[in-house]
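Me: I am new to this structure and would be grateful for a close look at a single part of it. Please take the sheet in chain A together with the helices that lie across it, and then place that part in its wider setting.

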Amino acid sequence: MQDRNIPSHGAPFSLPVEVSHLTKSFGSFTALDDVSFSIAQGETVALLGRNGAGKSTLIGCLMGFLLADGGNIDIFGHSIASLPREIRARTGFVPQTMTGFGTFRVAQLMDYIAAFYGELPPVDPTLMAWADLDPRKMVRSLSGGQKQRLAIVLAMRHNPEFLVLDEPVASLDPHARRDFMNLLDSYTQRTGASILISSHILSDLERLCSRLLFVRQGRVVLDVPTETFRATTRWLEHLTPDQVLAALPADIQILGQRPDALLVHGWTEDLALPNGTQTVVPDFEDAFLEITAPRTARAEAETPDAAA
Amino acid sequence: MNSFLPSGALERSDMLRALRLYGTRAFFVGNPMIFTAGIFILLAVMTAHELHTALLTQSLETALKHSSILNAALAATFLQSCLQIHAGNQIGASQAPAVPGLLHAEARAAALMSMVVLVALSGLLAWSGVPLHDTLFYTLLNTVPSVAQWYAPPQQSSRRLKAITTLTGFALLLGLMLLTFTTDFPLWALTRPAILTVPSDIAMMGLLTAAIMTLPNRLHSPAMMSPTDGMTAPAAAFPTPDTTPRLVPHDLSFYQLRQMLLAPASPTTLKNDLLISLFMPACAVMIMASLPLGHGGFGTRIAHLTPGMTILIALQDGWIRTRTHWPLLLTTGRFGSRLDFVRAVFTAKASRVLMTAPLRTVSLMLPITLFRPLAPTHALLDGAELLIATLGVTFCGSLPFLVMKQPPQNLVVALSLAPAFILQLCNPFILGARIFGPIALGIAALGAVCFFLVPPRLARADWPYETE
């Protein structure tokens, strides 16, 4: 890691994030159901799902804000349940909306928060230039977009090795959003940090992220490298999709179904398909809608991908 | 470097940073309670000075009869509110739990500040000559309602917890005020032996500290993240467009529509408000009078209690302070122009208070008329004066808007609360109807000025449309 004053702790080869069999319920409602995944160093992972799919709950558990009912979460080899301060200092978090700290001036808040991380190198001028904040302004007088930029600066000021962003660009204008995505890209290139980002701006995620994690109704339904997703996800159009389904090998994952087509993952050019089958590269947004569309419990059981 | 400091030293340096904030603008600016707390600190200083002078020649019992020791208790309560608002802002911030050590540092700093202000206030009272352990005992007893505030600050998202703790806090505060007004409670508290007060002081300080130190757990509990937010019911496996309208049009009556203007500030419905107005003052007086506290018979106790209970009919909600719902309602177009809208808010408030204030006044006057030989004509006159004053007090909170476009929140809060406290200290039962009459008319005139002149000013000012 470059530019860091905070020494690395934890097991020498531990992954930044390892989640296994995570479950979380609120009363009778299961928000997360047996979620498992890991994030390697330098990976930028997109967390994709509809509103209420469990993304924020997952982020809440990952950051230790919510207590899991079952399963394990390890951050840099330490259980989130007892995360040492020095490990917490290696993480950063950008919330959906920045609340609190309203009576601070921007510079005062930046200094105040930074002090909790110890001695830090000077602020990255690129980050400050992007944020374009008046240091004398009071936080409560900032616009929604400016507050979000401040939240991003506060989360990245200490060069975290693992950064979690919960819909960080929702209130940013297109310029700020594009510039932020470039900034994030160069940050990961420069520092080798791992990122988990949740957003509904799919084009940004597709461009920035090296891995896609689709969540539906509290479950991870697809965890795949972006390149693999692009190369092996296809619509198989046919008048009778059942014929196509019958012809598909068992290792092909069915992600969705329309009356005249199947969305599959694991497609290869040499796949033997019934005559008349058209192979179409899906638009990322279409694929997202199909994969993350909610299912009833019955449909979930009947959908072929459940078996796969 | 921080990371190499021992954890104790690290925590101390974190807490010192959090403590330093109490000397900066971050604490003073935008804290809606700071002005009110300042006023009561001033009053507490005056009370301490009065006591100090009186105790040179009089007994404590006599001196207390001629001083408003309650001011010190209220100063402690409002100071706790200031601290709670400040600490809640930092601890409740969305990024706070992600910053290592911040939550703990802020909570520790708030707990320490809380103790410092309580000891300082007690020290101020001790200047009069009463032992410090007794003044601390008295101040801490009066701070018990604040523990409820610390349990459910405004940032707390659980409505149930908020409602329970608010009601508990209000009941405790009311109980303490009644004890102060109707019994020798202050004298009792200020003359206890150290063997009783010192352990009690330690226990109450522990209770308050525990309430503050556990604040981060409550503000960042799972309840903060509602699982049903944005949740949709599971749809069919491959859903078809849903054409069923989800919202059923609901016609509100004119009156319901107008009451929406007060909705966020007046959490009770009109029906509940009327019921509360009808029964609460009378029940509170009767229940307190039934307790074997104070001197004399039932009627005498009611006579003692009633002046202190005038606050119940005059205390205001935040109708003029809470305006974030105005822009949304304005855009519905149901209320016309900005000026029409503000006038509608004032009219809605007036119509509500015209219904509730007479009920509250009658409810307050009934026990004193029935159980004490207060001539009905006197009761009628006292009640009428109280009613006139209460109607005026309702609009006093809007007074700052008459002279300022964007008055500070703390000034609006102070002017919403202060008249009710003033009415509690000077009312027809204490001053007599003849003296209070002109005062009531003066308050009513001030209220009328606000009612007619503030709406045009507010219509030309910016309205808050984003909450923090």
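Reply:

**The sheet of chain A and its surroundings**

Helix α6 of chain A, residues 174-191, lies across three strands of that chain, namely β3 (44-48), β7 and β8 (194-198), and runs at about 155° to β8(A). These values come from a predicted model.

A second helix of chain A, α10 (residues 284-292), lies across β3, β9 (211-216) and β10 of chain A. The angle between α10(A) and β9(A) is about 40°. Strand β3(A) thus appears in both descriptions: α6(A) lies across it, and α10(A) lies across it as well.

The strands named so far belong to an open sheet of six strands in chain A, in the order β6-β7-β8-β3-β9-β10, and the pairing is mixed. At its edges stand β6 (91-94) and β10 (219-225) of chain A, each of which pairs on one side only. Direction ignored, neighbouring strands of this sheet are turned by 15° against each other on average.

In general, the strands of a sheet pair through backbone hydrogen bonds, in either a parallel or an antiparallel sense. The edge strand β6(A) offers a parallel example: its partner is β7(A), residues 162-166, and four bridges join the two. Within this pair, Phe93(A) stands opposite Val164(A) of β7(A).

Elsewhere in chain A, the charged end of Lys24(A) sits over the ring of Phe26(A), at 5.2 Å from the ring centre. Chain B contains a contact of this kind too: the charged end of Arg338(B) sits over the ring of Trp463(B), 4.3 Å from its centre.

Aromatic side chains also meet one another. Over all chains, the structure holds 25 aromatic pairs. One of them joins Tyr22(B) and Phe27(B), a tilted pair with 5.2 Å centre to centre and 50° between the planes. Both Tyr22(B) and Phe27(B) are buried. Further along chain B, one aromatic cluster is formed by Trp319(B), Phe346(B), Phe395(B), Phe451(B) and Phe452(B).

For the wider setting of chain B, an unreviewed UniProt entry carries the annotation "transmembrane region" for several stretches, including residues 26-48 and 109-130. In the model, residues 26-48 of chain B are 78% helix and 0% strand, with the end C-alpha atoms 30 Å apart. Residues 109-130 of chain B are 82% helix and 0% strand, and their end C-alpha atoms lie 29 Å apart.

How values were computed: Residues are numbered from 1 along each chain as its sequence is written. Chains are lettered from A and ligands numbered from 1 in the order in which they are written. This is a predicted model: local features need pLDDT of at least 70, side-chain atom pairs count only at pLDDT 80 or more; totals for chains, interfaces and linings use all residues. Side-chain values use heavy atoms; hydrogens and water are left out. UniProt positions are given in the numbering used here, feature names are shortened, and annotations may be inferred rather than shown by experiment. Two strands pair if DSSP finds at least two bridges between them. Axes are lines fitted to C-alpha atoms, for helices over the stretch in contact, and angles run from 0 to 180 degrees between N-to-C directions. Contact means heavy atoms within 4.5 Å. Rings of Phe, Tyr and Trp (its six-membered ring) pair if their centres lie within 6.5 Å; planes under 30 degrees apart count as stacked, over 60 as edge-to-face and the rest as tilted. Buried means under 20% relative accessible area, exposed over 50%, partly exposed in between (1.4 Å probe, protein chains only). A charge sits over a ring if NZ of Lys or CZ of Arg is within 6 Å of the ring centre and within 35 degrees of the ring normal.
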